[in-house]
Structure formats: C-alpha cells, structure tokens
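Biologist: I'm new to this one, so could you take me through a single part of it, slowly and in plain words? Pick the metal site and whatever sits around it.

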Amino acid sequence: MHIALETQPLASLATPALVTYVFEKDGRIEGSLAELDKAAGGRLKQLADSGELTGKTLEMTLVHYPAGLAAERLLLVGAGKPDKFAPGALRKLAAAALRYLKARSVTKLVFAVREGERTAAAAEAVTQGLLLGSFDSDRYKTEKKNGAVIDLAAVAGFDAATQSAGASGIARGTIIAESQNFTRELVNEPANKLTPRKLAERAQAMAREAGLEIDVLDEKRIADLKMGALLSVAQGSIEPPRVIVVTYTPEQPRSGAPVLGLVGKAVTFDTGGISIKPAEGMEKMKYDMAGGAAVLGAMRAIARLKPAVKVVAVIPSTENMPGGRAQKPGDIQIAMSGKSIEVVNTDAEGRLILADGIAYAKTLGCTHLVDAATLTGAIVVALANVNAGVFGNNQPLIDRVLSSSRAAGEKMWPMPLDDDYREFIKSNIADIQNVGSGKGGGAITAAMFLREFAEEMPWVHLDIAGTAWLDDQKPWSAKGATGIAVRTLVDLAMNFDSAQ
Ligand code: BES
Ligand code: ZN
Ligand code: ZN
C-alpha cells in the first residue's frame with residue numbers, strides 16, 4: 001500500500017472515506033472539524049449535541065454521503081481527552097480506522113491530521129498506523145477474511161507551509177512500519193516453513209535488497225568458534241543451526257566511535273527439548289524467534305534511515321527439539337566464552353544460545369549491546385502482555401532504551417538486576433546453571449544468566465515473551481505477531497549519539 005500526501009481542503013476531497021478524529025470535551029466541533037461542520041450544514045454539531053458523537057477513545061462514527069462534503073464517507077474516530085493526547089496516539093487511531101473501513105470493504109481512504117498536529121511526527125505516526133493496521137496474518141488463507149485490500153491511503157490536513165514536514169514523516173513512517181511488518185511476517189511463519197536455514201535465507205534476501213553486509217555462519221563455523229551453548233541446543237534437532245550476522249556501516253565511519261550490537265534470540269521452534277513443554281499451546285512456540293526477527297526488521301529500517309552509528313546484528317538460530325542426540329538435564333556445556341554451564345532444564349535454551357550470541361558480538365567490535373528475546377514465561381507473570389521487561393548492567397544505556405521505547409510508542413518497563421540475584425544461578429558442579437533454584441524471579445534469573453556473558457560491556461536485555469504475540473485481535477491490530485521492539489531499536493540507533 002502506498003501512502004500519499006494530500007494538501008487539498010478537506011471538504012473538497014473526493015475520496016471513498018475521509019477520516020479524522022474528535023476529542024472528548026465540550027465544544028468538540030472546533031478547528032478543522034468546525035470547517036467540515038460548516039460545509040456539512042451543521043450536521044456534526046447536531047451529532048455531538050445529541051450525544052452520539054462523544055469523542056471517547058476509539059469510538060467510531062460513520063457518516064455516509066455527508067452533505068456538503070465531496071467524500072463518500074466521513075469517519076470520525078474518538079481521540080479521548082485532549083490533555084492525554086500525543087502525536088503517537090495517532091498511530092492507534094489511524095490503524096483502528098483503517099481496520100474498521102477495511103472490514104466494510106472500503107479500499108481507499110484519507111486520514112486528516114488536525115490543527116496542532118501538522119508535523120512530521122504526526123504524519124509518521126499516522127503512516128505507521130495505516131501500514132501496521134493493514135497487516136493481516138492471512139498468508140496461508142486461500143480466502144482472505146478481510147476481503148478488501150486498502151490499496152491507497154493518504155495523509156491530509158497539511159498545507160503549503162507544512163507539507164514538507166508531512167512528506168518526510170510519511171517517508172520515515174513507511175520505512176519503519178514496513179520493516180515492522182517484515183518482522184511480523186517472519187514471526188507468523190510456522191516452524192516447518194521457517195527453519196534456521198530458511199530464516200538465514202530470508203535475512204540474506206533482506207540484506208541484499210537493503211544493501212547490508214551479511215555473513216551466515218553454518219554449523220561448521222559455529223563449531224570452529226566453539227559455541228558450545230548454541231550447539232548444545234541445536235544437537236537435538238536434525239535441522240542445523242545458523243548464526244546470522246548483519247552489519248550496517250555508516251557512510252562516514254569515525255574511528256573510536258561506538259558500535260551498537262543487536263542480538264536476537266531466534267529459536268524457530270521451542271518444544272522445550274527433553275524438559276518438554278505441555279502439548280497445550282505448544283504450537284505458539286513458533287514465535288520463539290521474535291527477538292531475532294525484530295533485530296532483522298530493525299536492520300532493514302536502519303539500512304534505509306542511515307544513522308551515524310555502526311550497527312552489528314547477531315542472530316543465533318536453532319530449533320529446540322527432544323531426540324536421541326538431544327542434550328539432557330544435568331549435562332555440562334562449555335560456552336564460547338569458556339564458562340561452563342550446567343543445563344538443569346533444557347527448556348531454558350534461549351539464554352544458552354544468547355550466551356554465545358553475546359560472546360560473538362563482543363568479538364565483532366561492538367561497544368554496546370542490546371538483546372531482544374522471548375525469554376521467559378515469568379515476564380508474562382510480571383508484566384502481562386502490556387510491557388516488555390528491560391534489564392541491564394548500565395543505567396545510561398537502560399535509560400536510552402527506555403526513552404527510545406517511549407518515543408517509539410512501544411511499552412517497556414525497567415526490571416531489577418542487582419547482585420543479590422547472582423546466587424540464583426550458582427551451580428554445584430559448573431560455573432553457572434541455566435535455571436534458578438526455585439526462588440521465583442524467573443525473568444530476572446534469565447537476565448542474570450545473560451549478564452554473565454555481557455560481563456563489563458554496557459548491555460540491555462529486552463524480554464519480549466509477553467508482548468511479541470497477540471492472542472486476540474484488537475481494533476488496531478491483527479492477532480499474531482506484533483513486531484515489538486523494532487521501532488525502539490530503530491529509534492535507539494537513530495539517536496545513538498557518539499558521545500556515549
Ligand atoms: N521460549 C520460552 C519462553 C516463552 C514463554 C516465550 C512463553 C513465549 C511465551 C523459553 O525458552 C522457556 O521455555 N523458558 C522457560 C524457562 C524455565 C524452564 C526456567 C519458562 O519461561 O518457562
Ligand atoms: Zn524454552
Ligand atoms: Zn524459548
């Protein structure tokens with residue numbers, strides 16, 4: 001879907017659907033709405049006075065053939081209280097409006113931003129909303145449920161003075177949202193269609209298109225590098241593991257500048273291994289590669305947005321299967337860093353593969369690391385499916401990631417990681433064990449394990465197990481993969497100031 005910029009006056013816009021939004025307050029028909037109301041002979045004011053049009057968040061009021069307007073439909077979306085409103089809220093409003101119209105077989109729409117929001121940030125948020133909202137998880141349906149495909153959308157409300165801001169917002173929003181949808185497409189793929197080798201091929205195709213450097217390590221090179229933790233997970237599967245390394249180098253690299261490393265967990269299917277998971281819900285474990293897919297999506301956008309910082313992505317990928325060759329609870333493995341690990345539970349495999357991913361990223365010249373992983377069920381207990389958990393060993397980097405998450409409109413919340421948790425992963429016979437000794441705090445234990453491999457390097461870990469997948473659709477989103485962390489990682493790279 002292409003997103004255009006529209007600068008015509010709203011009343012004269014000939015389109016199947018003109019969309020704008022209403023705040024929840026007295027005198028809600030003001031500004032550009034008052035202009036539309038005037039053209040429509042006071043009908044909008046009547047709707048507001050009658051109590052039908054309230055402005056409550058995501059309330060949808062659809063007017064057909066509005067008299068006095070050139071549009072065939074006027075859709076007014078409730079925007080809630082104006083004091084709680086920020087441009088980022090437009091993302092959700094635009095996505096919900098698009099899905100509402102798509103379900104009614106409308107194929108073209110124009111979304112008008114209002115006075116006060118004629119900015120690049122607003123155009124970007126609307127563009128993202130339209131593109132993210134148009135995504136459906138129906139790749140394998142021979143008959144698409146939402147029959148209509150919106151083929152043309154535009155952002156309106158801009159005039160000669162503001163149109164260049166609008167155009168740059170649309171361009172940036174398109175890059176970021178298409179990259180997030182690229183991630184969602186990968187995450188939705190079932191494990192038989194997306195093995196580690198296939199994921200590597202998809203990454204290669206993406207890198208080629210984006211002009212990124214890529215190196216895919218096969219099982220032989222992984223063994224040569226002594227990635228014993230990754231190999232221990234992979235040994236239970238007939239599918240060989242891969243480590244995908246994607247590099248973005250800025251046009252004018254500065255010597256001594258920081259290098260941002262992004263590490264993503266990509267377990268293309270997690271059965272739990274010999275510590276096998278229950279059958280119920282196991283099919284969802286195809287999304288255990290969402291961290292790796294988010295990192296790939298972020299790289300796709302970074303290649304196009306060209307930040308000043310060098311970014312290196314490292315994505316260890318494997319299946320976690322039981323089988324005759326699978327590792328067994330109690331086995332001891334030697335990670336790439338040389339640390340010995342007692343694998344008490346084979347289902348805590350994400351931290352094993354990340355241990356080697358992090359160690360490898362450190363050898364590639366990274367100065368700062370951020371990992372994203374569907375790491376623990378415990379983070380779902382702590383934060384539900386609302387916030388991703390943020391852990392780290394360096395407060396300035398944690399603060400940067402949190403500020404990027406706010407700027408990008410992805411909810412994330414800081415979690416503790418103090419030394420008192422270190423004893424949870426003490427092992428009787430190895431340097432560390434891969435699960436805690438039954439004292440709760442499962443998401444923290446997992447992060448603590450990763451910290452042992454980041455060591456002194458500034459590092460942040462995002463546990464996205466609760467937020468990478470939506471069980472039920474929302475007015476603004478299809479169910480399935482959410483693409484969480486893509487926008488945060490992109491914002492982080494774009495603002496990764498070299499003073500760090
Ligand atoms: N992939 C899971 C974590 C997960 C859980 C992701 C729910 C998405 C939704 C991870 O590999 C895992 O199995 N973790 C275990 C760790 C436990 C054995 C210490 C868990 O969270 O139960
Ligand atoms: Zn697991
Ligand atoms: Zn897992």
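Modeller: Let's start with the zinc ion that is ligand 2: its protein donors are Asp 270 and Glu 349, each through a side-chain oxygen, plus Asp 347, which gives both its backbone O and an OD atom. These donors lie 2.0 to 2.2 Å from the ion. Keep in mind that this is a predicted model. Along the chain, the donors of ligand 2 follow the spacing D-x76-D-x1-E.

What is the arrangement of the six donor atoms around ligand 2? The angles they subtend run from 70 to 167°, and that makes the arrangement irregular. For reference, ideal angles for six octahedral donors are 90 or 180 degrees.

Now look 3.2 Å away from ligand 2, and you'll find another zinc ion, ligand 3. Asp 270 coordinates both ions. Ligand 3 also has Lys 265 (NZ), Asp 288 (OD) and Glu 349 (OE) among its donors, and the distances are 1.9 to 2.4 Å. Glu 349 is thus worth a second glance, as it is listed for ligand 2 and for ligand 3. The spacing for ligand 3 reads K-x4-D-x17-D-x60-E. Its six donor atoms make angles of 76 to 173°, and this site is octahedral.

Next comes ligand 1, which brings back several of those names. It is surrounded by 16 residues, and the closest include Asp 288, Asp 347 and Glu 349, along with Lys 277 and Gly 377. Sorted by class, that shell holds seven charged, five nonpolar and four polar residues.

Zoom in on the individual contacts and you can see the zinc donors at work on ligand 1 too. Glu 349 has a side-chain N or O atom 2.8 Å from an oxygen of ligand 1. Asp 288 puts a polar side-chain atom 2.9 Å from a nitrogen of ligand 1. For Lys 265, a polar side-chain atom is 3.2 Å from an oxygen of ligand 1. Taken on its own, ligand 1 has 520 Å² of accessible area, and the protein covers 77% of that.

And where does ligand 1 sit? You'll find it in the second largest pocket. So if you want one residue to click on before you leave, try Asp 270, which coordinates both zinc ions.

Definitions and conventions: Residues numbered from 1 in each chain as written. Chains lettered and ligands numbered in written order. Predicted model: local features only at pLDDT ≥ 70, side-chain atom pairs only at ≥ 80, totals over all residues. Heavy atoms only, no water. Near = heavy atom within 4 Å. Polar contact = N/O pair within 3.5 Å; in protein donor to acceptor, adjacent residues only side chain to side chain. Areas by Shrake-Rupley, 256 points an atom, 1.4 Å probe, with all protein chains shown as cover. 1 Å grid on protein atoms, 1.4 Å probe; cavity = no way out; pocket = protein on both sides within 12 Å on 5 of 7 lines; lining within 4 Å. Sits in = over half its atoms within 2 Å of the grid points. Nonpolar A, V, L, I, M, F, W, Y, C, P; charged D, E, K, R; others polar. Donors = N, O, S within 2.8 Å, 3.2 Å for Na, K, Ca; no water. Tetrahedral: all angles 85-135°; square planar, octahedral: opposite > 155°, others 65-115°.
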